[in-house]
Structures are given as C-alpha cells and as structure tokens.
Amino acid sequence: MRKLLYAFGLTSALVFALAAHAAAPNFAGTWTLDKSKSQGLSQRWQNAESVTWNVTQTDKEITIDEKVTGGGPGGGPGGGPGGPPSGGAPAGGPPGGGQGGGRGMGMGMGGPRTFSLDGTETTGDMGRGKFARKATLSSDGKTLELVSKVTFQTPDGQEVTTHSNDKLTLSADGKTLTVVRHSESPRGAQDSTLVFNK
C-alpha cells in the first residue's frame with residue numbers, strides 16, 4: 001500500500017511539473033522596439049519613428065500585431081527585419097493586407113499573425129497566397145519559437161515563398177522582449193536580433 005501511495009504521489013508530482021512546464025511565458029502587452037539595442041534592422045525599421053508589437057495571448061493562441069510608424073513604404077532590404085521585398089508584408093505575414101481566416105483584414109502591414117499554442121500548425125489563405133504557422137515552446141519553457149511560411153503570387157504571376165523563424169524570450173522582470181529572427185526570401189537569408197521594451 002505504501003509503495004502504491006508513493007508511486008501515485010510521484011506520478012502526480014510529475015504531471016503537475018509537466019503541466020507547469022508546458023505553459024508558455026506570457027508575452028502579452030504593447031512592446032516598443034529599442035533600435036539602439038537591436039541588430040540587423042532593415043533600413044525602413046532604422047528610419048521608422050516607432051515600431052511596436054501589440055501582443056495578445058490566451059492559453060490557446062498568441063497574436064502579434066506589428067505597427068511601423070514612419071520610415072517610408074519599403075526603403076531597404078525588406079519591410080521589416082528579414083521581411084519580404086520592399087512594400088511587402090512582415091516576415092511571416094501575408095502580402096497585401098489581411099491575415100486570412102476572417103481576422104484583421106487590412107490591419108497594420110499585413111494584419112496580425114496568430115499562432116496556436118498547442119503545437120498544431122495554423123494554415124490559411126490570404127489574398128494571392130497561403131500561410132502556414134507553428135509555435136513551439138522550448139524544453140526549458142523559456143523560449144517560444146514561431147515559424148512562418150508564406151507562399152504568394154506576385155503581380156506578374158511568379159510564386160514567391162518566404163520563411164521566418166522568431167525565437168521569443170522575456171527578461172526576468174518581464175519588461176524586455178528579445179526576438180532572435182532568421183528569415184529567408186528570394187533576396188536571401190537575414191538574421192536579426194530585435195529588442196522590445198514594455
């Protein structure tokens with residue numbers, strides 16, 4: 001009987017530890033880019049008056065709504081760090097407005113990007129293209145990896161695919177969000193480190 005209680009207690013402790021470990025850090029809030037601490041910014045982001053991420057998060061999903069104020073429509077090797085060609089959507093976002101799936105049409109530059117936090121891939125159509133997004137929590141529970149693939153048709157009918165991989169971490173006090181981004185597009189690969197303050 002004692003062994004049974006010990007095994008049950010150990011199993012319960014393990015289940016609670018795994019459940020606590022599986023919850024993603026809460027990235028919700030309004031985050032402003034600190035250009036002086038960031039690296040690998042596009043010319044547009046360097047020249048922008050401000051770059052903000054409005055992040056909403058529930059137990060089931062995280063949504064990032066990116067806003068760039070000033071800096072011109074394209075102006076450099078991408079709309080954002082590692083982004084698509086000038087004037088395009090942010091990395092992982094749809095081209096030409098709207099997220100697809102009936103959400104956020106025309107909001108921001110390409111609309112909000114939503115990722116499911118249960119590890120499933122989110123797919124959808126937008127404008128002339130399709131997106132696939134997936135979020136994965138690191139084994140230590142501190143880093144949320146957001147992977148996006150966008151395939152779309154250019155006005156001249158050429159198919160273009162972009163990939164982005166954002167690794168989000170919070171500082172211990174929860175006031176600094178660091179995003180390590182790797183993106184690939186027909187213009188090549190780009191690596192950036194984005195530092196946002198709350």
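What percentage of the 198 residues of the chain count as buried? The answer is 39%. Keep that in mind as you look around, and remember that what you have open is a predicted model.

**The whole chain**

Start with the full chain in cartoon view. You should find 2 helices and 10 strands. Walking from the N terminus, the elements run α-β-α-β-β-β-β-β-β-β-β-β. Now think about contacts between residues with a separation of 6 or more: 48% of them come from residues 24 or more positions apart.

**The sheet**

Next, select the strands and hide everything else. The 10 strands make an open sheet, and their pairing is antiparallel. Going across, the order is E4-E3-E2-E1-E10-E9-E8-E7-E6-E5. At the edges are strand E4 (113–116) and strand E5 (122–126), each of which pairs on one side only. Turn the sheet to look across the strands: the twist from one strand to the next averages 25°.

**From edge strand E5 to E7**

Begin at the E5 edge. Strand E5 is joined to strand E6, residues 129–137, by 5 bridges, and the two run antiparallel. For a landmark, select Asp125, whose bridge partner in E6 is Lys130. The two strands form a hairpin with 2 residues between them. Click on Gly127 in that turn, where phi is positive at about 50°.

Keep Lys130 selected and look to the next strand, E7, where Thr151 stands opposite Lys130. Strand E7 covers residues 143–153 and is joined to E6 by 9 bridges, again running antiparallel. E6 and E7 also form a hairpin, here with 5 residues between them. In this turn, pick out Gly141, which has a positive phi of about 75°.

**Two arginines over rings**

Show side chains for Phe131 and Arg133. Arg133 lies over the face of the Phe131 ring, at 3.7 Å from the ring centre. Then jump to Trp53 and Arg113. Here the charged end of Arg113 sits over the ring of Trp53, 5.6 Å from its centre. As for rings paired with rings, the count comes to 1 aromatic pair.

**Asn165 in strand E8**

Move on to strand E8, residues 159–170, and select Asn165 within this strand. Which side chain makes a polar contact with the side chain of Asn165? Show Glu145 and you have the partner, at 2.6 Å. Leaving out residues up to four places away in sequence, Asn165 touches Glu145, Leu146, Val147, Val180, Arg181 and His182. You can also draw a distance from Asn165 to Asp191: these residues are 26 apart along the chain, and their C-alpha atoms are separated by 9.6 Å.

**The E9–E10 hairpin**

Now select strand E9, residues 176–185, together with E10. These strands pair in the antiparallel sense over 10 bridges. A hairpin joins E9 to E10 through 2 residues. To find one of the bridges, select Glu184, whose partner in E10 is Ala189.

**Strand E1 and its neighbours**

Carry on to E1. This strand pairs with strand E10, residues 188–197, in the antiparallel sense over 2 bridges. Select Leu33 and you can find Phe196 as its bridge partner in E10. Then look at the E2 side: strand E1, residues 29–33, and strand E2, residues 50–57, pair in the antiparallel sense over 4 bridges. Here Gly29 has Val55 in E2 as its bridge partner.

**Last stop: Trp31**

Stay on strand E1 and select Trp31, which is found there. Is Trp31 buried or exposed? Trp31 counts as buried because its relative accessible area is 0%, and the cut-off for buried is under 20%.

Show what surrounds this residue. Not counting residues up to four places away in sequence, Trp31 touches several others, including Val51, Thr52, Trp53 and Val55. Also among its contacts are Leu170, Gly174, Lys175, Thr176 and Leu177, as well as Phe196, Asn197 and Lys198. Trp53 is the residue whose ring you saw under the charged end of Arg113.

Two distances round off the tour. The backbone oxygen of Phe27 lies 2.8 Å from a polar atom of the Trp31 side chain. Trp31 and Lys175 are 144 residues apart in sequence, and from C-alpha to C-alpha they are 8.9 Å apart in space.

Terms used: Residues numbered from 1 in each chain as written. Predicted model: local features only at pLDDT ≥ 70, side-chain atom pairs only at ≥ 80, totals over all residues. Heavy atoms only, no water. Pairing = 2+ DSSP bridges. Axes fitted to C-alpha atoms, helices over the stretch in contact; angles between N-to-C directions. Phe/Tyr/Trp six-rings, centres within 6.5 Å; stacked < 30°, edge-to-face > 60°. Lys NZ or Arg CZ within 6 Å of the ring centre and 35° of its normal. Contact = heavy atoms within 4.5 Å. Polar contact = N/O pair within 3.5 Å; in protein donor to acceptor, adjacent residues only side chain to side chain. Buried < 20%, exposed > 50% of the residue type's maximum accessible area, 1.4 Å probe, protein only.
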